[in-house]
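User: I would like to learn how to read the features of this model one by one. Please take me through them, starting with a helix.

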Amino acid sequence: MNKSASRLGDTVVVGSEYPLSVKAVMIDLDGTLLDTAGDLAAAANMMLRELGRAELPLETIQSYIGKGIQKLVKRSLTGSLDDEPDVELFDKAMPLYERDYAKTLCVSTRPYPGVIEGLNALLEADFRLACITNKAEAFTLPLLRATGLLDYFDIVLSGDSLPKKKPDPMPLLHACKHFGILPREMLLIGDSLNDAEAARAAGCHVFCVPYGYNEGRDVRELNCDAIVTSVYDATKLIQKLS
Ligand SMILES: O=C(O)COP(=O)(O)O
Ligand SMILES: [Mg+2]
């Protein structure tokens with residue numbers, strides 16, 4: 001956010017061109033649509049137990065979410081954001097984590113307040129919707145189905161759907177192409193640096209929610225167009241460009 005930020009109720013916006021005119025909306029999954037941290041952490045701790053290692057607090061594992069499950073496993077094994085674990089240990093840990101997360105996938109995971117209302121309002125206003133996540137597809141689709149969100153989206157792009165994932169702009173540009181629209185006609189709603197960087201690199205608008213997982217960092221540090229309290233609140237800042 002920059003110095004010209006202003007407030008509309010609890011929503012913080014930058015600049016004054018509101019409502020923004022866009023044709024389609026992309027929404028991030030972990031930390032924006034769904035509160036997945038409890039189930040991701042339960043699986044990480046099952047894996048750590050099976051490897052005879054100490055469990056980690058939920059808050060620590062929550063700060064490891066954002067760059068896909070391989071990175072989550074590496075971070076859980078090393079207790080750091082960027083260190084590389086021993087290759088043999090990682091090769092043993094990865095299938096354990098995948099098996100464990102398949103078990104915990106939707107135990108406590110729920111949509112955040114304002115998500116269902118927001119998705120309904122977006123469809124009512126005739127926006128086409130994409131879900132863009134760094135989560136692996138094997139988990140994304142069952143989770144969206146189990147929480148009743150899958151049918152809202154025209155396209156779902158997961159962390160392994162394309163050669164590159166967020167913060168690379170590739171999935172965002174792919175979604176623009178899918179809808180036949182320009183990046184500046186697209187809005188991404190996300191919760192992290194990965195979303196903000198991907199949107200800026202693609203040339204899309206980006207709003208961030210403050211309740212998600214920004215790898216332990218303050219969401220106000222992000223270069224985004226607005227911080228919105230919920231997906232529903234985001235709908236009040238946009239209008240359909242026909
Ligand atoms: O899988 C992750 O680490 C994060 O996924 P997200 O892109 O939906 O936030
Ligand atoms: Mg996220």
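Analyst: This is a predicted model. To read a helix, ask what its buried residues touch. The buried residues of helix 5 pack against strand 4 (24-27), strand 6 (110-111), strand 7 (128-132), helix 9 (231-235) and strand 12 (238-240).

User: Which residues of helix 5 (residues 115-124) are buried?

Analyst: V115, G118, L119 and L122 are buried in helix 5. Viewed down the axis of helix 5, these buried residues fall within an arc of 95 degrees, so they line one face of the helix.

User: What comes just after helix 5?

Analyst: Here the backbone is the thing to read. D126, just after helix 5, takes a positive phi of about 75 degrees. D126 belongs to the loop between helix 5 and strand 7, and its positive phi occurs in a residue other than glycine.

User: Where is G114 found, and which residues does G114 touch, not counting those up to four places away in sequence?

Analyst: G114 is in the loop between strand 6 and helix 5. With those sequence neighbours (up to four places away) not counted, G114 touches S230, V231 and Y232. G114 counts as buried because its relative accessibility is 11%, where the cut-off for buried is under 20%.

User: How does helix 6 read by the same steps? Which of its residues are buried?

Analyst: The buried residues in helix 6 are F139, T140, L143 and L144. Down the axis of helix 6 they fall within an arc of 120 degrees, so they line one face of the helix. The face turned away from this buried side carries the exposed residues A138, R145 and A146. As for partners, the buried residues of helix 6 pack against strand 5 (34-35), helix 3 (69-78), helix 4 (87-104), strand 7 and strand 8 (155-157). Helix 6 is followed by G148, whose phi is positive, near 80 degrees.

User: Where is the place of T36, and is T36 buried or exposed?

Analyst: T36 is placed in the loop between strand 5 and helix 1 (37-50). T36 counts as buried, at 0% relative accessibility. Leaving aside neighbours within four places in sequence, T36 is in contact with L29, D30, Y101, T109, K135, L143 and Y213. L143 is also one of the buried residues in helix 6.

User: Turning to rings, how many aromatic pairs does a search of the whole structure find?

Analyst: The search of the whole structure finds 4 aromatic pairs. For a pair, read the distance between ring centres and then the angle between planes. The centres of the Y18 and F207 rings are 6.4 Å apart and their planes are at 35 degrees, so the pair is tilted. This pair links distant parts of the chain, 189 residues apart: Y18 is in the loop between strand 2 (11-14) and strand 3 (20-22), and F207 is in strand 10 (residues 205-208). F207 is buried, with a relative accessible area of 0%.

User: Which residues do ring pairs link into a cluster?

Analyst: Y97, Y101 and F139 are linked into a cluster by ring pairs. A ring can also face a charge: the charged end of K74 sits over the ring of F90, 5.2 Å from its centre.

User: Which residues surround ligand 1?

Analyst: Begin with the list of surrounding residues, then look for polar atoms. Ligand 1 is surrounded by D28, L29, D30, I65, G66, K67, G68, T133, N134, K135 and K166. The side chain of D28 has an N or O atom 2.8 Å from an oxygen atom of ligand 1. Backbone N or O atoms also lie by oxygen atoms of the ligand, at 3.3 Å for K67 and at 2.9 Å for G68.

User: What does the side chain of N134 reach?

Analyst: The side chain of N134 reaches the backbone oxygen of G66 at 3.0 Å and the backbone oxygen of K166 at 2.9 Å. N134 is in the loop between strand 7 and helix 6 (137-146), and N134 is buried, with a relative accessible area of 7%.

User: Is the peptide bond from K166 to P167 cis or trans?

Analyst: Omega is the angle to read. From K166 to P167 the peptide bond is cis, with omega near 15 degrees. P167 is placed in the loop between strand 8 and helix 7 (170-179).

Note on methods:
Residues are numbered from 1 along each chain as its sequence is written. Chains are lettered from A and ligands numbered from 1 in the order in which they are written. This is a predicted model: local features need pLDDT of at least 70, side-chain atom pairs count only at pLDDT 80 or more; totals for chains, interfaces and linings use all residues. Side-chain values use heavy atoms; hydrogens and water are left out. Rings of Phe, Tyr and Trp (its six-membered ring) pair if their centres lie within 6.5 Å; planes under 30 degrees apart count as stacked, over 60 as edge-to-face and the rest as tilted. Helices (H or I, at least four residues) and strands (E, at least two) are DSSP runs, numbered from the N terminus. Buried means under 20% relative accessible area, exposed over 50%, partly exposed in between (1.4 Å probe, protein chains only). A charge sits over a ring if NZ of Lys or CZ of Arg is within 6 Å of the ring centre and within 35 degrees of the ring normal. The arc is that of the directions from the helix axis to the C-beta atoms. Contact means heavy atoms within 4.5 Å. A residue is near a molecule or strand if one of its heavy atoms lies within 4 Å of it. A polar contact is a pair of N or O atoms within 3.5 Å; within protein, one must be able to donate a hydrogen and the other to accept it, and residues adjacent in sequence count only if both atoms are side-chain atoms.
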